[in-house]
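Hi everyone, thanks for coming. Let me put something on the screen before I start talking.

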Number of protein chains: 2
Amino acid sequence: MSVQERKERERANRERLILATARELAEQQGWDAVTTRQLAERIEYSQPVLYSHFRGKREIIGAVALEGAAEMAAAVRAAASAAAGPRARVTALARAYLDFAARNPAVYDAMFQLDGGLAFAKEDTPEPLKDGFAALLESLAEVAGDGVHPGLFTEVFWAALHGLATLTRAGRLPPEDTERRTELLVDRLAIL
Amino acid sequence: MSVQERKERERANRERLILATARELAEQQGWDAVTTRQLAERIEYSQPVLYSHFRGKREIIGAVALEGAAEMAAAVRAAASAAAGPRARVTALARAYLDFAARNPAVYDAMFQLDGGLAFAKEDTPEPLKDGFAALLESLAEVAGDGVHPGLFTEVFWAALHGLATLTRAGRLPPEDTERRTELLVDRLAIL
DNA sequence: GATCCGATCCTAGCACCGCTAGACAATCGA
DNA sequence: TCGATTGTCTAGCGGTGCTAGGATCGGATC
């Protein structure tokens, strides 16, 4: 069944092409510009082809979000493991998180601002999302402090990072003070 | 010129009606349901009338956001002034903020999630937005700690609240632990 | 009181959106 | 070689935000 295998391979390639194109277009011109027509034209297929891969636009956004979650988890883990000592680890984690959000605004939007039809904080939460939270938890648990549930602490720390990321990106916070805000956050939240 | 005054009054009334209807519809069915057609039908005028009051849908969202900012500033100030002592003030402020976001999700979306075409952190930032930040600053400055710029501290605290509000609302954080998260945040961030 | 004129509002329609039915062509198995 | 299946496209549906242009209404003037 080599023929069938080839077809499946080609199909998988095209699906990757769709996601990569959607992501690229979103980073270049924003998600509003990612219309099914524009996307179809860029991958050089007609619109209905998109619907043979995804249920709709929401699911495309969701798929990009999952990609992003996996990348962010990797980035956070890499930064944390390259740092020595709890304090350096947490600082590196925070910087990596905010850096990812700043460098991939469209992906970050797909993960948290847009409706990608993803479930959260439930049984059927997709693996990359749970793993993203786990990546934060790994480094944050050690600085949660005595008597504080590590999961709860991670939620609060994560929320703070998320707030900084979104408000900065939306122009609500001046970008030049990001580093000072990060240091203040780590100083206060983490018990070293 | 009593005639002209009457007309201006009626016009102002209709503008209030548009905003109240948009807000009500958004809280009931979400901003996606606030289409120009639906909105026009509810106020019993045709669509073009909307455009004689606002440049477009964005500006309507922006106007609702400004309303919301004023209300939130008032809510935060009321909560803070009813509390005795720095710690109680900050806790009350945090609760009031999160409570407002939870009770008025559509308005909160208009303020921070949607594009209302509003300027931020600049000279031409609308007054209600600057005042909203000022309301936070008033109570937070006293717990910023020595050597920490009150504005910077307020930004971080605000970002944390914003993160908690949005992640909770999006189903990313289980709502039942909100109170514990709030206490943890206040305990760690505020210097008492 | 008749007439004019300007402000006000609505009908109709534009270009675009996400999505889909059904015709068509290419490819596979017999 | 032929029929069936799979894959793709054209065309179109109902919806969106927004606007041009005509009708209508009310106040000011003679």
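I'll go through the DNA side and then the place where the chains meet.

Just so you know, this is a predicted model, where local features need pLDDT of at least 70, side-chain atom pairs count only at pLDDT 80 or more, and totals for chains, interfaces and linings use all residues. Residues are numbered from 1 along each chain as its sequence is written, chains are lettered from A and ligands numbered from 1 in the order in which they are written, and side-chain values use heavy atoms, with hydrogens and water left out.

Okay, DNA strand D. It has 17 residues around it, with A:S46, B:T35, B:T36, B:Y51 and B:K57 the closest; near here means a heavy atom within 4 Å. Of the strand D atoms within 4 Å of the protein, 52% are sugar or phosphate, and the rest belong to bases.

So what does A:S46 reach? A polar side-chain atom of A:S46 sits 2.8 Å from a phosphate oxygen of strand D. For B:T36, a polar backbone atom is 2.8 Å from a phosphate oxygen. B:Q47 goes for a base instead: a polar side-chain atom lies 3.1 Å from a base nitrogen.

Now the two chains. 34 residues of chain A touch 34 of chain B, contact being heavy atoms within 4.5 Å. How many salt bridges cross this interface? The rule finds 2, each needing a Lys or Arg side-chain nitrogen within 4 Å of an Asp or Glu carboxyl oxygen. One of them joins B:R181 to A:E155, with the closest N and O atoms 2.5 Å apart.

How values were computed
Polar contact = N/O pair within 3.5 Å; in protein donor to acceptor, adjacent residues only side chain to side chain.
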